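Welcome! Let us take a friendly walk through a protein, one part at a time. Have a look at the picture and the sequence before you read on.

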Amino acid sequence: QVQLEESGGGLVQAGGSLRLSCAASGRTFRMYTMGWFRQAPGKEREFVAAINRSGEVTYYADFVKGRFTISRDNARNTMYLQMNSLKPQDTAVYYCAARYSRIAKTTDDYDNWGQGTQVTVSS
């Protein structure tokens with residue numbers, strides 16, 4: 001079990017940047033694989049990025065490759081999503097997720113979720 005809390009969302013202009021943070025409780029954070037997902041109004045939650053326990057392996061959705069970077073600092077129990085070159089299509093609620101297993105890309109593979117943080121990109 002791990003508790004997750006996202007922060008860093010906000011309103012930015014197209015082409016701008018944001019860095020999201022996901023703070024996790026507990027001393028076993030490093031044992032969890034982590035992921036970022038997002039959900040736009042009227043759409044299903046979709047995969048954005050994932051990172052393994054050590055931070056050495058990362059996965060990205062095609063629509064964010066080259067723009068977003070996922071990272072983690074196990075000493076601080078924190079995961080990050082650096083978002084650059086933001087587009088209006090990136091507007092969504094962004095969720096932090098964790099699983100006590102192998103790195104994965106699908107919503108159903110994760111069972112620990114934060115409450116989300118709103119990211120709005122204006123045109």
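How many helices and how many strands are there in the protein?

## The overall picture

The protein has zero helices and 11 strands. Here helices (H or I, at least four residues) and strands (E, at least two) are DSSP runs, numbered from the N terminus. Read along the sequence, the pattern is β-β-β-β-β-β-β-β-β-β-β. The radius of gyration is 13 Å, close to the 14 Å that the globule rule gives for 123 residues, so the protein is as compact as a globular protein of that length. This radius is taken over C-alpha atoms, and the globule rule is 2.2 Å times the number of residues to the power 0.38.

Before going further, please note that this is a predicted model, in which local features need pLDDT of at least 70 and side-chain atom pairs count only at pLDDT 80 or more, while totals for chains, interfaces and linings use all residues. Residues are numbered from 1 along each chain as its sequence is written, and side-chain values use heavy atoms, with hydrogens and water left out.

## Size, surface and contacts

Along the principal axes, the C-alpha atoms fill a box of roughly 40 × 25 × 25 Å. The accessible surface comes to about 6,700 Å², and 43% of it belongs to carbon and sulfur atoms; such areas come from the Shrake-Rupley method with a 1.4 Å probe, and for residues only the protein chains shown count as cover.

Of the 123 residues, 45% count as buried. Buried means under 20% relative accessible area, exposed over 50%, and partly exposed in between (1.4 Å probe, protein chains only). Among the contacts (heavy atoms within 4.5 Å) with a separation of 6 or more, 58% come from residues 24 or more positions apart.

## An open sheet

Four strands form an open sheet in the order β1-β3-β8-β7, with antiparallel pairing. Two strands pair if DSSP finds at least two bridges between them. The edge strands, β1 (4-7) and β7, each pair on one side only. Four bridges join β1 to β3, and E5 has A23 in β3 as its bridge partner.

On the other edge, six bridges join β7 to strand β8 (residues 78-83). D73 stands opposite T78 in β8. The hairpin of these two strands has four residues between them, and N77 takes a positive phi near 55 degrees there.

## Two faces of one strand

In a regular strand the side chains alternate between the two faces of the sheet. You can follow this along β7 (residues 68-73): F68, I70 and R72 point to one face and are buried, whereas T69, S71 and D73 point to the other and are not buried.

## The disulfide

Which residues does the disulfide join? C22 and C96 are its partners, with an S to S distance of 1.9 Å. The pair ties together parts that are 74 residues apart in sequence, because C22 lies in strand β3 (residues 18-24) and C96 in strand β9 (residues 92-99). A disulfide is counted as a pair of cysteine sulfur atoms within 2.5 Å, and the structure holds one.

The link of C22 and C96 is left-handed, with -65 degrees about the S-S bond. Both C22 and C96 are buried.

## A phenylalanine to find

Try locating F37 in strand β4 (residues 33-39). F37 is buried, with a relative accessible area of 0%. Its C-alpha atom is separated by 4.6 Å from that of F47, a residue 10 positions apart along the chain.
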